[in-house]
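Trainee: Please take me through one part of this structure in detail. I would like to see how a single helix sits among its surroundings.

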Amino acid sequence: MAPIEDHLYMKLCAELASCLSISLASARRKVELVAARDGVKNLNNKKDIAERLLKEARSHKSSGDVEVAAKLDELLRALAEEENFMVED
């Protein structure tokens with residue numbers, strides 16, 4: 001397991017994970033992918049990227065877009081004709 005780099009960086013990733021309803025590792029990976037795409041290796045720049053992604057996620061959430069969790073709930077809801085379907089006997 002990778003060591004914790006910086007408390008503020010991990011906090012930003014945790015807030016991003018909470019906002020997007022994903023795991024901390026996924027949020028951290030998302031930040032690392034954007035950093036790699038931009039050619040960023042400095043921790044301070046990664047914090048800036050995490051802050052930017054968090055602001056974008058919060059703006060999407062507040063603008064009325066369907067939340068990820070609500071979208072997942074909608075996708076998992078069974079249709080009336082599928083309620084009693086059994087995979088195995």
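Mentor: What follows is a close look at helix H1 and the parts around it.

This is a predicted model, where local features need pLDDT of at least 70, side-chain atom pairs count only at pLDDT 80 or more, and totals for chains, interfaces and linings use all residues. Residues are numbered from 1 along each chain as its sequence is written, and side-chain values use heavy atoms, with hydrogens and water left out.

Start with the whole chain. It has four helices and zero strands. Helices (H or I, at least four residues) and strands (E, at least two) are DSSP runs, numbered from the N terminus. In order from that end, the elements run α-α-α-α. The chain averages a pLDDT of 81, and 71% of the residues score at least 70. pLDDT is the predictor's confidence in each residue, from 0 to 100. Helix H2 has the highest mean among the elements, 93, and helix H4 (residues 68-76) the lowest, 70. Where pLDDT is low, the predicted coordinates should not be read in detail.

Now H1 itself. It covers residues 7-20, which is 14 residues. From first C-alpha to last it reaches 20 Å, close to the 20 Å expected at 1.5 Å a residue. That expected span is 1.5 Å times one less than the number of residues.

Look at its start. A side-chain oxygen of Asp6 comes to within 3.4 Å of the backbone nitrogen of Leu8. Now look just past its end. Ser21 takes a positive phi of about 60° there. Ser21 is in the loop between H1 and H2, and it is a residue other than glycine. Ser21 counts as partly exposed because its relative accessibility is 44%. The cut-offs are these: buried means under 20% relative accessible area, exposed over 50%, partly exposed in between (1.4 Å probe, protein chains only).

Which residues of H1 are buried? They are Tyr9, Met10, Leu12, Cys13, Leu16, Ala17, Cys19 and Leu20. Across the chain, buried residues make up 24% of the 89 residues. Cys13 is at 0% relative accessibility, so it counts as buried. Cys19, at 14%, is buried too. A search of the whole structure finds zero disulfides, that is, pairs of cysteine sulfur atoms within 2.5 Å.

Next, the core. A nonpolar core is a set of buried Ala, Val, Leu, Ile, Met, Phe, Trp, Tyr and Cys residues joined through side-chain atoms within 4.5 Å. The largest one has 18 residues, and Tyr9, Leu16, Val31, Ile49, Leu53, Leu54 and Ala57 touch the most other members. H1, H2 and helix H3 (43-62) each give two or more residues to this core. H1 gives the largest share, eight residues. In soluble globular proteins, nonpolar side chains tend to be buried together.

Take Leu16 as one case. Beyond its neighbours within four places in sequence, Leu16 is in contact (heavy atoms within 4.5 Å) with Ala27, Val31, Leu53, Leu54 and Ala57.

Tyr9 leads to another spot. Beyond its own neighbours within four places in sequence, Lys46 is in contact with Tyr9, Val31, Glu32, Ala35, Val40 and Lys41. Lys46 lies in H3. Lys46 counts as buried because its relative accessibility is 11%. Glu32 belongs to H2 (residues 24-38). At 26%, Glu32 counts as partly exposed. A polar contact of 3.2 Å joins the side chains of Lys46 and Glu32. Such a contact is a pair of N or O atoms within 3.5 Å; within protein, one must be able to donate a hydrogen and the other to accept it, and residues adjacent in sequence count only if both atoms are side-chain atoms.
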